[in-house]
Amino acid sequence: MNITTAIRTKVTRMDTGEVFTYDTLDIPQSELTAAAKALSRMVKKGTIKRYKNGLYYKPKSTVFGEIKPREDILLEKYLFEDNKQIAYVTGIRLYNQLGLTSQVSNVIKVASKDKQIKTTIGNTKVKPSKSYVEVTKNNVPLLQILDVMKDFNSIPDFDKKQGISFLKDKIDALSINDKNKMVSFAKKYPPKVRALLGALLENLSMVELSNSLKDSINYLSSYEFGIGKDLLPTIKNWNIA
């Protein structure tokens, strides 16, 4: 089966509205030029649509016109490379999804360790953010929790009491293995994150884990989170105000 026939067969099996890339089609490196020509011919015939270079979709038509792929489906293509997750959503879009803010932003922050992901999807701008550790599918939930701590003071319309409860519940529900991973990742984050995580772990009676963060905290520094001892009694041990 030649590459043109192989691509046509794979596209035929796709659902309408489905987004795909060269990686999705599993095209060998040696066939990329031929594949590009085959895809261009399919675009001209209207069998598929090109959203952007290297990003295609199978169009879906209704009585109201063509329906374009959903934003989340298009965004997902930027979060993966060679079928491995290399980036994740953070910032206001994440905090809205977690129920920590009612604000909705037309900017999506995407964090990656080594890539600067910057694009536009419809009316939404995608801007790069920093990931402090290598991103994998399994560690994304842990990094997103740490990002809440990092951005604790800058989340709009944020109820800090709700935020502390949210963090405690999320941390408490983690497996022992994931709690250890989170502590390890936190050591790559700014000191204020380690301080807040340490206070939360101590408050949850996870003293061994919290103690493992103490050596990484500079006790000549203080960390402003705008929370009192009524919300988190252990802040007195971590120079948090």
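A crossing of two helices is called right-handed if the near helix is turned clockwise from the far one by less than a right angle, and left-handed if it is turned anticlockwise. Keep that in mind for the first exercise, and remember that the model you are looking at is predicted.

**Exercise 1. Two helices side by side**

Find how helix 8 and helix 10 are arranged, and which residues make their contact.

*Solution.*
- Step 1: Locate helix 8 at residues 176-186 and helix 10 at residues 207-214.
- Step 2: Look at the axes, which come within 10 Å and cross at roughly 10°.
- Step 3: Angles under 35 degrees count as roughly parallel, so helix 8 is roughly parallel to helix 10.
- Step 4: Now use the opening definition: the crossing of helix 8 and helix 10 is right-handed.
- Step 5: Pick out the contact. Helix 8 supplies Lys179, Asn180, Val183 and Ala186, while helix 10 supplies Leu209, Ser212 and Leu213.

**Exercise 2. A small open sheet**

Work out the strand order of the open sheet of three strands, and name its edge strands.

*Solution.*
- Step 1: The order is 1-3-2, with antiparallel pairing.
- Step 2: Strand 1 (19-20) and strand 2 (49-52) are the edge strands, as each pairs on one side only.
- Step 3: Strand 2 is joined by three bridges to strand 3, residues 55-57, and the two run antiparallel.
- Step 4: For a residue-level view, find Arg50, which stands opposite Tyr56 in strand 3.

**Exercise 3. One strand, two kinds of pairing**

Describe how strand 11 pairs with strand 9 and with strand 10.

*Solution.*
- Step 1: Recall that strands of a sheet pair through backbone hydrogen bonds, either parallel or antiparallel.
- Step 2: Strand 9 (residues 107-112) pairs with strand 11 (residues 124-130) in the parallel sense, over six bridges. Here Lys109 stands opposite Lys127 in strand 11.
- Step 3: Strand 10 (residues 119-121) pairs with strand 11 in the antiparallel sense, over three bridges. Thr120 has Lys125 of strand 11 as its bridge partner.
- Step 4: Strand 10 and strand 11 form a hairpin with two residues between the strands, where Gly122 takes a positive phi near 65°.

**Exercise 4. Into the core**

Which residues touch the most other members of the largest nonpolar core?

*Solution.*
- Step 1: This core has 61 residues, and Met149, Leu196, Leu197 and Ile240 touch the most other members.
- Step 2: Take Ile240 as an example. Leaving out residues up to four places away in sequence, Ile240 touches Ala195, Leu196, Ala199, Tyr223, Phe225, Ile227 and Ile235.
- Step 3: Apart from the largest core lies another, of 13 residues, including Ile3, Leu25, Ile27 and Ile48.

Conventions. Residues are numbered from 1 along each chain as its sequence is written. This is a predicted model: local features need pLDDT of at least 70, side-chain atom pairs count only at pLDDT 80 or more; totals for chains, interfaces and linings use all residues. Side-chain values use heavy atoms; hydrogens and water are left out. A nonpolar core is a set of buried Ala, Val, Leu, Ile, Met, Phe, Trp, Tyr and Cys residues joined through side-chain atoms within 4.5 Å. Buried means under 20% relative accessible area, exposed over 50%, partly exposed in between (1.4 Å probe, protein chains only). Contact means heavy atoms within 4.5 Å. Two strands pair if DSSP finds at least two bridges between them. Helices (H or I, at least four residues) and strands (E, at least two) are DSSP runs, numbered from the N terminus. Axes are lines fitted to C-alpha atoms, for helices over the stretch in contact, and angles run from 0 to 180 degrees between N-to-C directions. Angles under 35 degrees count as roughly parallel, over 145 as roughly antiparallel, 65 to 115 as roughly perpendicular and the rest as oblique.
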